[in-house]
Amino acid sequence: MNCVYDMIVIGGGPGGISATVEAKMRGLQSVLLIEKGENHSQTIRKFYKDNKRVDKDYKGQVVELKGSVQFSDGSKESTLDYFDSLLDNGEIDTAFNSEVESVKKVGNSFQVVTTKAGYEAKNVIVAIGKMGKPNKPDYPIPPSIKQLVNFNLDKCSQGEKLLIVGGGNSAAEYALELSKTNTVTLNYRRPTFSRLNDINEEQLYAYDGQELLRLRLGVDIKSLENASGKVRVNFTDGNFTVYDRVVYAIGGTTPVDFLKKCGITLDGAGHPIFDENYQTEVPGLYIGGDIAVNSGGSIAMALNHSYHIIEHILGQR
Ligand SMILES: Cc1cc2nc3c(=O)[nH]c(=O)nc-3n(C[C@H](O)[C@H](O)[C@H](O)COP(=O)(O)OP(=O)(O)OC[C@H]3O[C@@H](n4cnc5c(N)ncnc54)[C@H](O)[C@@H]3O)c2cc1C
């Protein structure tokens, strides 16, 4: 630990990147971005399908951007290119492939410990998102078929018979895209969708009508079994179907244990406690992006959190 950074940001997603870029643009010089993946934006890389349309006002949540970092509609690829250019042009110090394990305040500064090194900083922003811990079903996944039960599209290959589970835009977009190359069923436990944008909803029903995919709505999954190396899905209506692969797209949860290791206090519902400046109960320790939102969250929201946090840090100097 030979340098005390003005600010360390944990998590190289839209929230983390925009915080470092905003900070540099506004005059904070020694800033470090720590990311556990081998590159930035792991949520976008792993959970967005290729060529996915990326909406600025995601799920109809209209956000007026406040800071210096701009953002507009695009695709998965153009969004990643944009964040690449922000990091390159901002000359941001990065530590990739480094997972932060804990944050501890000692005196007036924070000790940030990663799998590879230790760092010291005056301020820390935790922007680790929620998709490092995707939601899982309540029923057990038999170990022998774990490889065939996934929470993103990394392992899907062309021609497989797939079941996508979920009722949000992620599940819908996975199903629509994969139906071009695979036999796809989308299962949602409720009889109708309530959280989809109009385009996804319209397309799903159109694809279903044209038998490009199958909608299996209003029925839940009871259990999964190994059926000769495939996944037998037992539904609550007594029917079952065997699939090559099942992909759950049912959102993510707050990584409670990690937040506790950073000294962040949580309320009774397990949500982190922070004030209107996104500062936790530990002065100088902030949270932003998806983990500062109980449900939902978007790139534009994460950008605005970063702007407010940097404003507050600069105001304290
Ligand atoms: C399928 C899907 C489609 C979406 N489509 C849109 C859209 O069209 N428009 C939109 O605005 N939003 C969309 N979203 C939501 C958007 O992706 C999130 O709101 C946004 O990524 C949140 O940014 P973030 O920086 O808070 O977290 P994330 O993007 O989740 O980034 C967190 C980063 O922190 C890293 N990390 C985690 N733990 C550690 C650790 N201990 N140490 C170091 N690094 C760590 C992760 O590897 C990750 O790179 C979509 C989400 C999904 C899942």
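## The ligand and its polar partners

In this predicted model, the side chain of Tyr 58 places an N or O atom 3.4 Å from a nitrogen atom of the ligand. Lys 52 does likewise with its side chain: an N or O atom there is 3.1 Å from a ligand nitrogen. Gln 42 uses its backbone instead. One of its backbone N or O atoms lies 3.1 Å from an oxygen atom of the ligand.

How much of the ligand does the protein bury? Alone, the ligand exposes 1000 Å², and the protein buries 96% of that.

## The shell around the ligand

The ligand has 32 residues around it. Glu 35, Thr 43, Tyr 48, Asp 55 and Asp 290 come nearest. By class, the shell holds 13 polar, 12 nonpolar and 7 charged residues.

Three elements each supply at least two shell residues: helix α1 (14-25), helix α2 (42-47) and strand β3 (53-54). Which of them gives the most? That is α2, with 3 residues.

## Asn 169, a polar residue under cover

Asn 169 is found in helix α4, which covers residues 169-178. Is Asn 169 buried or exposed? Its relative accessible area is 1%, under the 20% cut-off, so Asn 169 counts as buried.

The side chain of Asn 169 has polar partners. One is the side chain of Asn 200, in a polar contact at 2.8 Å. Another is the backbone oxygen of Arg 195, reached at 3.3 Å.

Leaving out residues up to four places away in sequence, Asn 169 touches Tyr 58, Lys 59, Arg 195, Leu 196, Asn 197 and Asn 200. Tyr 58 thus appears twice: as a contact of Asn 169, and with a side-chain N or O atom 3.4 Å from a ligand nitrogen.

## The nonpolar cores

Nonpolar side chains tend to be buried together in soluble globular proteins. Here the largest nonpolar core has 56 residues. Those that touch the most other members are Met 7, Ile 8, Ile 10, Val 103, Val 112, Val 124 and Val 126. Helix α7 (residues 299-315) gives the most to this core, with 7 residues. Another core lies apart from it. That one has 22 residues, including Leu 153, Ile 164, Tyr 174 and Ala 249.

Take Val 124 as a close-up of the largest core. What does Val 124 touch, not counting residues up to four places away in sequence? Its contacts are Ile 8, Ile 10, Val 103, Phe 110, Val 112, Gly 284, Leu 285 and Tyr 286.

Key: Residues numbered from 1 in each chain as written. Predicted model: local features only at pLDDT ≥ 70, side-chain atom pairs only at ≥ 80, totals over all residues. Heavy atoms only, no water. Helix = DSSP H or I, 4+ residues; strand = E, 2+ residues; numbered from the N terminus. Buried < 20%, exposed > 50% of the residue type's maximum accessible area, 1.4 Å probe, protein only. Polar contact = N/O pair within 3.5 Å; in protein donor to acceptor, adjacent residues only side chain to side chain. Contact = heavy atoms within 4.5 Å. Near = heavy atom within 4 Å. Areas by Shrake-Rupley, 256 points an atom, 1.4 Å probe, with all protein chains shown as cover. Nonpolar A, V, L, I, M, F, W, Y, C, P; charged D, E, K, R; others polar. Core = buried A, V, L, I, M, F, W, Y, C linked by side-chain atoms within 4.5 Å.
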